[in-house]
Amino acid sequence: MHWPRPLQFEGSGLGRPAILVDGDSQAATSPVELLLLAAATCTASDVVIILQKQRVKLEALDVSMRGTRRETEPRRYTAIAFHFAVRGEGTDDVKVRRAVDLSLEKYCSVVASLAPDIAISYDVAIA
């Protein structure tokens, strides 16, 4: 991580291009927004793999999320709600929910790293 400008930081994994993170959310995604994106990406990756193993021909997967934060410092998340929109041949509610449950309860390292008192919920829409 490198600090080039007021409340803006550039960072990367080893050998990866740098991303900009903005503490004020003016020029880029904020650190707390990145936490939601990391959780969504981690879970989505698991869901893709699990659905493929279930022989679903996945065509589209969109994940949106809403985080609820405390009003007082530290303004950490107290709840995170995911919305999974899935389209593909062989997709059904049971398969998608099974994949999401496995991810959120067993496989997603990011969600597993969150404080245990953060309420995690989700819903599913199949197109």
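In this predicted model, R5 and E10 form a salt bridge, with their closest N and O atoms 3.7 Å apart. Neither partner is hidden away: R5 counts as partly exposed because its relative accessibility is 36%, and E10 counts as partly exposed because its value is 30%. This pair belongs to a set of 4 salt bridges in the structure.

Another of these bridges joins R76 and D117, where the closest N and O atoms lie 2.5 Å apart. Here the contact links distant parts of the chain, as the two residues are 41 residues apart. R76 sits in the loop between β4 and β5, while D117 belongs to the loop between α3 (109–113) and β6. With a relative accessible area of 30%, R76 is partly exposed.

A further salt bridge is found between R97 and D93, with 2.9 Å between the closest N and O atoms. Both residues are in helix α2, and because they are 4 residues apart there, about one helical turn separates them. R97 is partly exposed, at a relative accessible area of 28%, and D93 is also partly exposed, at 37%.

Attention can now turn to the sheet. Three strands make up an open sheet in the order β4-β5-β6, and their pairing is mixed. The edge positions are taken by β4 (57–69) and β6 (119–126); each has a single partner strand, so one side of each is left without a neighbour in the sheet. On average, and with direction ignored, neighbouring strands are turned by 15 degrees against each other. In general, the strands of a sheet pair through backbone hydrogen bonds, in either a parallel or an antiparallel way. In this sheet, β4 and β5 (residues 77–89) run antiparallel and are joined by 12 bridges. Within this pairing, K57 stands opposite E89 of β5.

Helices accompany these strands. Helix α1 (residues 31–53) packs on the sheet and touches β4 and β5, its direction making about 150 degrees with that of β4. Helix α2 (residues 93–107), in turn, lies across β5 and β6 and runs at about 155 degrees to β6.

The interior comes next. As a general tendency, nonpolar side chains in soluble globular proteins are buried together. The largest nonpolar core of this model has 23 residues, and L51, I80, F82 and F84 have the most contacts inside it. Two or more residues of this core come from each of α1, β5 and α2, with α1 giving the most, 7 residues.

F84 offers a good view of these surroundings. This residue is found in strand β5 and counts as buried, because its relative accessibility is 0%. Residues up to four places away in sequence aside, F84 touches T43, V47, L61, D62, V63, V100, Y122, D123, V124 and A125. Sequence separation tells a separate story for E73: this residue is 11 residues from F84 along the chain, and the C-alpha atoms of the two are separated by 30 Å.

F82 can be described in a similar way. When neighbours within four places in sequence are left aside, the contacts of F82 are A39, A40, V63, S64, M65, L104, V111, I120, S121, Y122 and D123. V63, Y122 and D123 are among the contacts listed for F82, and they also appear among those of F84.

Conventions:
Residues numbered from 1 in each chain as written. Predicted model: local features only at pLDDT ≥ 70, side-chain atom pairs only at ≥ 80, totals over all residues. Heavy atoms only, no water. Pairing = 2+ DSSP bridges. Axes fitted to C-alpha atoms, helices over the stretch in contact; angles between N-to-C directions. Contact = heavy atoms within 4.5 Å. Buried < 20%, exposed > 50% of the residue type's maximum accessible area, 1.4 Å probe, protein only. Core = buried A, V, L, I, M, F, W, Y, C linked by side-chain atoms within 4.5 Å. Salt bridge = Lys/Arg side-chain N within 4 Å of Asp/Glu carboxyl O.
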